[in-house]
Amino acid sequence: MTNWVLLGIMFLAANLPWFSDKLFYMVPLKTTNKTKNLGWCLLELVILYFLVGALAVYAEHATFGQVSPQGWEFYAVTSFLFLVFAFPGFVYKVLWRKAI
């Protein structure tokens, strides 16, 4: 996998929680207003961050045969990059849809 493909998967995964009112697109939530609140979206975001990270570790192992050790700085940067990638979905779900 190239870096661009991994970044594309990361961008897609970061925006997935914001475009559905079901938990992980499968489990309907029992709420009164039929929309997923911010807490569920953030929980999905954290879980998807770790899933994409596992995919990246697998891709690195499959490509190079070993996984480079990373410090806390790497995880801080990738988690904030994941949050920045999630911004378009957040704007759609929280800011733009409520204005309509």
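**Entry 1: the chain.** I read along the sequence and found that the protein chain follows the pattern α-β-β-α-α-α. That comes to four helices and two strands. I note that this is a predicted model. I looked up the extent of the C-alpha trace: along its principal axes it spans about 50 × 25 × 25 Å. I then checked burial. Of the 100 residues in the protein chain, 24% are buried. I also looked at contacts between residues at least 6 apart in sequence; 67% of these join residues at least 24 apart.

**Entry 2: helix lengths.** I compared α1 with its expected span. Its 13 residues at 1.5 Å a residue should span 18 Å, and the end C-alpha atoms are 19 Å apart, which agrees. I did the same for α2. Its 27 residues should span 39 Å at that rise of 1.5 Å a residue; the end C-alpha atoms lie 38 Å apart, so this agrees too. Just after α2 I found G65, with a positive phi near 85°.

**Entry 3: buried faces.** I listed the buried residues of α1: L6, M10, A13, A14 and N15. I recalled that an α-helix has 3.6 residues a turn, so residues three or four places apart point the same way. In α2 I found C41, E44, L45, L48, Y49, V52 and A59 buried. What covers them? The cover includes α1, β1 (22–23) and α3.

**Entry 4: the core.** I looked up the largest nonpolar core. It has twelve residues: M10, A13, A14, W18, C41, L45, L48, Y49, V52, F82, F85 and A86. At least two of them come from each of α1 (3–15), α2 (38–64) and α3 (72–85). α2 gives the most, with five residues. I picked A86 and traced its partners. Beyond its neighbours within four places in sequence, A86 is in contact with A14, N15, W18 and L45.

**Entry 5: the pocket.** I turned to empty space. Rolling a probe the size of a water molecule over the atoms shows where such space is left. The largest pocket has a volume of about 650 Å³. I counted 23 lining residues, and the closest to the pocket's centre are L6, G53, A56, V57 and F74. α1, α2 and α3 are the elements that give two or more residues to this lining. Which element gives the largest share of the lining? It is α2, with eleven residues. I sorted the lining residues by type: 16 are nonpolar, six polar and one charged.

**Entry 6: looking back.** I met α2 twice as the main contributor: it gives the most to the largest nonpolar core, and the largest share of the lining of the largest pocket.

Technical notes:
Residues numbered from 1 in each chain as written. Predicted model: local features only at pLDDT ≥ 70, side-chain atom pairs only at ≥ 80, totals over all residues. Heavy atoms only, no water. Core = buried A, V, L, I, M, F, W, Y, C linked by side-chain atoms within 4.5 Å. Buried < 20%, exposed > 50% of the residue type's maximum accessible area, 1.4 Å probe, protein only. Contact = heavy atoms within 4.5 Å. 1 Å grid on protein atoms, 1.4 Å probe; cavity = no way out; pocket = protein on both sides within 12 Å on 5 of 7 lines; lining within 4 Å. Points joined across faces, edges and corners; volume = space filled by probe spheres on them. Nonpolar A, V, L, I, M, F, W, Y, C, P; charged D, E, K, R; others polar. Expected span 1.5 Å × (residues − 1).
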